[in-house]
Amino acid sequence: MQFSKPASWQFFDSWNTETVIDRYTYSLEVIFVSLLFSFLIGGLIAYLFMNFPYKQRSKVKNILNFLEGIPDLLIIFMIQMFLFTLYREFQIRLVTMYGLAGKEPLIFPMIINSLLPSLFFAQYLIKVMEEEFEKHYILLGQAKGLSKMQLLFSHLTRNIVPVVSIHFKTIIFMVLTNLVLVEHMFVLDGYIQELNKLLQIQSTSPMNIFFYVGVFMLPVILLERFVSLIGKKFGSVRGMDI
């Protein structure tokens with residue numbers, strides 16, 4: 001069949017270039033580190049929240065709900081204007097925002113990409129933790145004199161891993177959505193720009209588009225499946241059907 005001949009797979013040669021691979025690895029690096037930041041920051045917020053006095057928790061929840069409800073584009077724009085004003089007025093450059101002369105920033109897009117996913121994860125984690133704290137094994141641990149930190153890290157964390165792993169897909173989707181905005185707004189030469197250029201070429205075949213998107217999504221899908229398997233593993237140990 002003509003479809004299986006090497007000549008019909010020339011799109012791989014167009015992808016297998018130094019420029020495309022650099023864009024590909026750059027965007028994947030931003031995605032994976034952003035996911036790591038989202039879990040670390042969201043987890044830190046949630047664990048700090050559980051140590052707040054009960055009277056202060058409602059105020060923290062209101063702040064998180066307000067911040068999580070702000071559109072992604074507005075938050076990115078506000079941060080952009082703040083950093084620009086800081087540099088213009090005080091000559092202080094905290095981070096490199098824009099991709100210029102082939103030098104792409106790393107820290108800034110990772111931080112921006114992880115902001116809203118972190119808030120989402122923190123809100124969900126807080127909800128799960130509060131529900132878990134009402135269960136009998138927590139009450140039993142408190143009766144035995146275990147500290148709140150011991151209960152959080154030694155017992156509660158292991159029990160919420162299966163439930164938390166279910167929402168990993170949502171966090172991935174939020175990070176990917178933010179990546180599109182960040183690469184466009186800050187002129188980053190990442191893989192999203194490569195896909196955009198590909199779609200603008202009228203002669204591009206559907207197989208070409210499928211290959212470019214598939215190669216990009218494959219590592220993300222594999223990571224999602226890995227996290228899902230971890231959740232199922234923890235769930236099976238505790239008799240949970242995930």
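Leaving aside neighbours within four places in sequence, which residues is S38 in contact with? They are G43, S114, P117, S118, F121, I171 and V175. Contact here means heavy atoms within 4.5 Å.

This is a predicted model, where local features need pLDDT of at least 70, side-chain atom pairs count only at pLDDT 80 or more, and totals for chains, interfaces and linings use all residues. Residues are numbered from 1 along each chain as its sequence is written, and side-chain values use heavy atoms, with hydrogens and water left out.

**Overall build**

The protein has 10 helices and zero strands. Helices (H or I, at least four residues) and strands (E, at least two) are DSSP runs, numbered from the N terminus. Along the sequence the pattern reads α-α-α-α-α-α-α-α-α-α. Of the 242 residues in the protein, 38% are buried. Buried means under 20% relative accessible area, exposed means over 50%, and partly exposed lies in between, using a 1.4 Å probe and protein chains only. Take the contacts between residues at least 6 apart in sequence: 77% of them join residues at least 24 apart.

**Three residues**

| Residue | Place | Relative accessible area |
|---|---|---|
| S38 | helix 2 (residues 18-49) | 0%, buried |
| G231 | helix 10 (residues 206-237) | 0%, buried |
| I92 | loop between helix 4 (72-90) and helix 5 | 38%, partly exposed |

G231 and V163 are 68 residues apart in sequence, yet their C-alpha atoms are 7.2 Å apart in space. I92 touches L86 and Y87, not counting residues up to four places away in sequence.

**Helix 5**

Helix 5 covers residues 107-132. Of its 26 residues, 20 are buried. At 1.5 Å a residue, helix 5 should span 38 Å, and its end C-alpha atoms are 35 Å apart, which agrees. The expected span is 1.5 Å times one less than the number of residues. Helix 5 also bends by about 35° at L115. A proline, P117, follows within four residues. The bend at a residue is the angle between axes fitted to the seven residues ending there and the seven starting there.

**Helix 3 against helix 5**

The axes of helix 3 (residues 54-69) and helix 5 come within 9 Å and cross at roughly 145°. Axes are lines fitted to C-alpha atoms, for helices over the stretch in contact, and angles run from 0 to 180 degrees between N-to-C directions. This crossing is left-handed: the near helix is turned anticlockwise from the far one by less than a right angle.

Which residues of helix 3 meet helix 5? They are R57, K61, L64, N65, L67 and E68. On the helix 5 side stand L116, L119, F120, Q123, I126 and E130. By class, this contact has six nonpolar, two polar and four charged residues. Ala, Val, Leu, Ile, Met, Phe, Trp, Tyr, Cys and Pro count as nonpolar, Asp, Glu, Lys and Arg as charged, and the others, Gly among them, as polar.
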